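User: Please take a close look at one part of this structure and explain how it fits into the rest of the chain. I am new to this structure and would value a connected account.

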Amino acid sequence: PISVQPCCWPNSPDEMGSKTSTTAKVLSNEEKKQLAKEKFKKAHNATFDGDSISAEGIRELRAQGQEPIIVDVRTGDERKVSQLKGSIDEKQFWELDEKSIGGRPIIAYCTIGFRSGLFAQKLKNQGFTHVYNSEGVVLWTHDAKAEPLIRVATPHDESGKSKDIPVKEVHVYGNEWDLADNSCKSEMFSSMSSVTVGALGTLRSIISRSLFKGKKPPPPVENGTGQGLHTATGRNVVEKKDAT
């Protein structure tokens, strides 16, 4: 059974305000990265029995000609601060048809891997293949080769098209996960009451996901090796789940 721990609780009403981080102790980037990796591993092992993937792993998939579906399972407030370019939210994912999904890899992400692990496990339980739990937006900031985070700006002209603006802000949810690269400005929810409300939202989310039957996943595309076309290989870019 999956153990639900109070880490990175999701889903909240609009009143969940944010504040800029005022963490007193400044850690080096290497220290932050190591702590973030430890927290991700703990969150991943607690929620998902599949593979994890890093920013480098996503680049590897694309280099192989595969374009993953990246699902941001964070709240709307968090996404407003910044998000991964080309990502969609949960609602947008469930609106995709089978043709749009095809055999593409599905990568879930959140702050540090807990909420995305729950979502990835739900997809796997429903029969989706090539599902990965991303290391999260915090560790994304520590990858010098990663695409910049973006903020989607509301259009102010007649074109009606939104604009992706590169930003150095990132929502880290709370003090415990304020481990983004020091070049970034961290924002977080402003009160413990907000976190409590978010926790209740998580429970609602888990229950609703357990009741949702979902769509039938498309069959994997074979590449002649006996494996699905969308399995990442090489240089331990996609980390396999420990047997323990």
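The part to examine is helix α6 and the loops on either side of it. Where is Cys110 found, and which residues of α6 are buried?

Analyst: This account begins with the whole chain, turns to α6 and its surroundings, and then sets them beside the other core.

The model is predicted, and the mean pLDDT of the protein chain is 78, with 65% of its residues at 70 or more. Two stretches call for caution. Over residues 1-16 the pLDDT stays under 50, and the model has 52 contacts beyond four places in sequence for them. Over residues 219-237 the pLDDT likewise stays under 50, with 35 such contacts. Where pLDDT is low, the predicted coordinates should not be read in detail.

The protein chain has eight helices and 11 strands. Of its 244 residues, 48% are buried. Among contacts with a separation of 6 or more, 74% join residues 24 or more positions apart. The chain exposes about 12,600 Å², of which carbon and sulfur atoms supply 53%.

Helix α6 covers residues 114-125. Its 12 residues should span 16 Å at 1.5 Å a residue, and its end C-alpha atoms are 17 Å apart, which agrees. The helix is mostly covered, since 10 of its 12 residues are buried. The buried residues are Phe114, Arg115, Ser116, Gly117, Leu118, Phe119, Ala120, Gln121, Lys122 and Leu123. An α-helix has 3.6 residues a turn, so residues three or four places apart point the same way.

Ahead of the helix, Cys110 is found in the loop between β5 and α6. Cys110 counts as buried because its relative accessible area is 0%, and the cut-off for buried is under 20%. Leaving aside neighbours within four places in sequence, Cys110 is in contact with Val73, Arg74, Arg115, Ser116, Gly136 and Val137. Two of these partners, Arg115 and Ser116, are among the buried residues of α6. Cys110 and Asp72 are 38 residues apart in sequence, yet their C-alpha atoms are 6.0 Å apart in space.

After the helix comes Gly127, whose phi is positive, near 105 degrees. Phe128 lies in the loop between α6 and β6, which covers residues 131-134. Phe128 is buried, with a relative accessible area of 5%.

The aromatic rings add a further connection. Ring pairs link Phe93, Trp94, Phe119 and Phe128 into a cluster, and Phe119 is one of the buried residues of α6. The structure has seven aromatic pairs by the rule applied here. The rings of Phe93 and Trp94 have their centres 5.0 Å apart and their planes at 70 degrees, so this pair is edge-to-face. Phe93 is buried at 0% relative accessibility, whereas Trp94 is partly exposed at 24%. Trp94 and Phe128 form another edge-to-face pair, at 6.5 Å centre to centre with 70 degrees between the planes. This pair links distant parts of the chain: Trp94 is in helix α4 (residues 90-94), and Phe128 is 34 residues away in the loop between α6 and β6.

The nonpolar cores place this region in a wider setting. In the largest core, of 29 residues, Trp140, Leu149 and Val170 touch the most other members. The elements that each supply at least two residues of this core are α1 (29-47), α2 (55-63), β5 (106-109), α7 (137-140), β9 (169-173) and β10 (185-189). Its largest share, four residues, comes from α7. A second, separate core of 15 residues includes Val73, Ile88, Cys110 and Ala120. Cys110, in the loop before α6, and Ala120, a buried residue of the helix, therefore belong to the second core, separate from the largest one.

For the largest core, Trp140 offers a useful example. Leaving aside neighbours within four places in sequence, Trp140 is in contact with Ala55, Ile58, Leu84, Ala146, Glu147 and Leu149. Ala55 and Ile58 are among the buried residues of α2, which also include Gly57, Glu60 and Leu61. These buried residues of α2 pack against β2 (51-53), β3 (69-72), β5 and α7. Just after α2, Gly65 takes a positive phi of about 85 degrees.

Technical notes:
Residues are numbered from 1 along each chain as its sequence is written. This is a predicted model: local features need pLDDT of at least 70, side-chain atom pairs count only at pLDDT 80 or more; totals for chains, interfaces and linings use all residues. Side-chain values use heavy atoms; hydrogens and water are left out. A nonpolar core is a set of buried Ala, Val, Leu, Ile, Met, Phe, Trp, Tyr and Cys residues joined through side-chain atoms within 4.5 Å. Buried means under 20% relative accessible area, exposed over 50%, partly exposed in between (1.4 Å probe, protein chains only). Contact means heavy atoms within 4.5 Å. Rings of Phe, Tyr and Trp (its six-membered ring) pair if their centres lie within 6.5 Å; planes under 30 degrees apart count as stacked, over 60 as edge-to-face and the rest as tilted. Accessible areas come from the Shrake-Rupley method with a 1.4 Å probe; for residues, only the protein chains shown count as cover. pLDDT is the predictor's confidence in each residue, from 0 to 100. The expected span of a helix is 1.5 Å times one less than its number of residues.
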